[in-house]
Amino acid sequence: MSDSYYTGISALYAQKSGEWILPDDEHTYNRNMKINRDLMLKNEWDKRKITYHLNSEGFRSDGFNLDSGIMFLGCSFTFGIGIEDEHLWTKRIANHYQMTHWNLGQPGSGSDTCFRLGYHWIPILKPQIVVMMAPSTDRMEMIIPESSERVHYVGPWFPELNPRDTYYDYAMTQENGKLARTKNIKALRLICAQNNVKFVVKAFDDVLDIPEYRKRQDLGRDLEHPGIWGHDQIYQAFIKAIG
Amino acid sequence: MKTGKRGTSIYAGNSISSWLGIDSEEMYKRNREINSDLLEANSWSLRSIEYKFNEEGFRSDVFSKGDGGLFLGCGVTLGIGMEREYIWTKRVSDYFGIAEWNLGQHGVGADTCCRLGLYWIRRLRPKVVVMLSPVWNRKEIAIKDQYTQYNSDTAPKTDTFRQLTTIRENKELNQIRNILALQHECSRYNIPFYVRQLQSDWMTAIDMPVGNKDRSRDLEHPGVQGHLTIATRFIRDIGRL
């Protein structure tokens with residue numbers, strides 16, 4: 001398989017820094033400053049700034065050198081959409097253990113993506129620990145080489161799903177995502193064991209009380225993802241799990 | 001088949017039949033007209049087959065306590081068009097003196113092998129797990145409450161889903177994922193796991209020479225010699241139990 005399928009969200013973003021990454025884009029910010037101004041001010045998004053630094057492979061991560069590192073797998077909660085580096089749970093855990101921060105989180109992705117990236121990068125980087133925050137089970141991925149994105153993340157929320165397609169049924173039947181998550185986690189466990197790497201996995205809704213962070217109105221800049229309190233909850237849960 | 005139990009077989013429990021799937025009476029009659037030389041080369045006018053399924057719907061010994069080998073695969077492993085005594089799984093289990101727990105299912109891919117394996121390995125704790133991994137263009141998905149089989153020919157041509165069965169990268173990742181998951185499950189219980197691939201077709205996979213006439217009754221699957229070759233290879237892989 002071509003190495004190009006093991007890069008981050010897009011080669012276009014690689015080695016770049018920017019203030020915005022979808023769904024935390026400037027248009028959403030401006031709209032929220034108008035129609036959700038109270039929430040934005042409550043979270044001080046009128047004062048705070050985010051810079052997304054992406055490494056040469058397109059990940060919001062330290063460079064992939066051969067230091068002693070800790071690897072993270074997951075979705076946008078792991079990538080850290082709408083949150084600064086210093087509050088991002090993965091960055092705080094890496095700092096806590098004084099290890100290089102290898103964050104392979106991908107916005108919009110599911111456990112298929114965690115497997116694809118872990119399968120490629122764990123034997124290369126040989127991290128000391130792999131931490132996976134398993135995304136929800138309603139997300140799948142598919143590689144379509146001729147498309148611009150190359151890797152498509154699909155779930156019931158995907159606007160282009162056609163209810164007449166088998167792919168719609170595939171995405172809408174929970175058993176597919178549940179079984180896929182089981183397989184992906186088992187496969188990653190084996191890869192970690194073969195490489196002598198500690199593997200810690202928890203489901204995203206086991207480490208974060210989602211209704212609670214919404215009730216607290218603790219929100220990232222896009223007002224969809226968790227804010228400082230939510231990232232702290234995830235950080236605490238994984239510190240306890242890693243030991 | 002219903003998704004309520006992940007270890008569910010395609011076939012009905014405790015059933016017996018003389019024909020199954022592509023190895024149908026109609027196919028046999030048609031082959032007598034147009035491929036009689038191949039049928040005769042394998043003595044199919046003198047032989048008969050009994051497809052007998054255990055209470056869980058597998059062409060297998062009963063799932064009881066004791067030492068057994070668990071076999072995963074497609075129609076070749078199920079033994080389509082073949083008497084049970086000649087199926088490679090039976091030869092392997094007889095060689096090692098253990099029960100034959102054959103979870104082979106006709107027309108399925110690695111998804112189904114993995115689903116069944118993850119369910120039954122934990123429950124049966126076999127002495128060995130052996131997988132003849134099917135061709136890569138097959139995909140099992142649950143639709144509503146049914147597990148359904150697709151391949152690159154049967155997946156709707158205009159449907160995005162088809163790309164899971166046609167694009168090499170999707171097929172390859174799926175194959176690897178399923179095999180690693182099974183390997184992990186076996187390692188949890190200290191069970192040796194052996195896998196070989198049927199990547200293209202069974203004749204190529206087992207190096208059958210062009211023109212070879214060894215065929216099952218449906219003339220699409222390996223005959224006695226082919227099953228013996230597969231069994232011999234796995235016996236050599238396993239060595240001792």
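Two strands are said to pair if DSSP finds at least two bridges between them, and helices (H or I, at least four residues) and strands (E, at least two) are DSSP runs, numbered from the N terminus. On that footing, six bridges join strand 5 (residues 129-134) of chain A to strand 8 of chain A, and the two run parallel. This is a predicted model, in which local features need pLDDT of at least 70 and side-chain atom pairs count only at pLDDT 80 or more, while totals for chains, interfaces and linings use all residues. Residues are numbered from 1 along each chain as its sequence is written, chains are lettered from A and ligands numbered from 1 in the order in which they are written, and side-chain values use heavy atoms, with hydrogens and water left out.

**The sheet of chain A**

- Four strands of chain A form an open sheet in the order 4-3-5-8, with parallel pairing.
- Its edge strands are strand 4 (100-103) and strand 8 (198-203) of chain A, each of which pairs on one side only.
- Within the pairing of strands 5 and 8 of chain A, Val130(A) has Phe199(A) in strand 8 as its bridge partner.
- Helix 5 (residues 111-125) of chain A lies across strand 3, strand 4 and strand 5 of chain A, and runs at about 165° to strand 3 of chain A (axes are lines fitted to C-alpha atoms, for helices over the stretch in contact, and angles run from 0 to 180 degrees between N-to-C directions).

**The sheet of chain B**

- In chain B, four strands form an open sheet in the order 4-3-5-8, and the pairing is parallel.
- Strand 4 (99-102) and strand 8 (193-197) of chain B stand at the edges with a single partner strand each, so one side of each is left without a neighbour in the sheet.
- Strand 3 (residues 68-73) and strand 5 (residues 128-133) of chain B pair in the parallel sense over five bridges, and Phe71(B) stands opposite Val130(B) in strand 5 of chain B.

**Glu141(A)**

- Glu141(A) belongs to strand 6 (residues 140-143) of chain A and counts as buried because its relative accessibility is 8%, where buried means under 20% relative accessible area, exposed over 50% and partly exposed in between (1.4 Å probe, protein chains only).
- Leaving aside neighbours within four places in sequence, Glu141(A) is in contact (heavy atoms within 4.5 Å) with residues including His152(A), Tyr153(A), Leu164(B) and Leu173(B).
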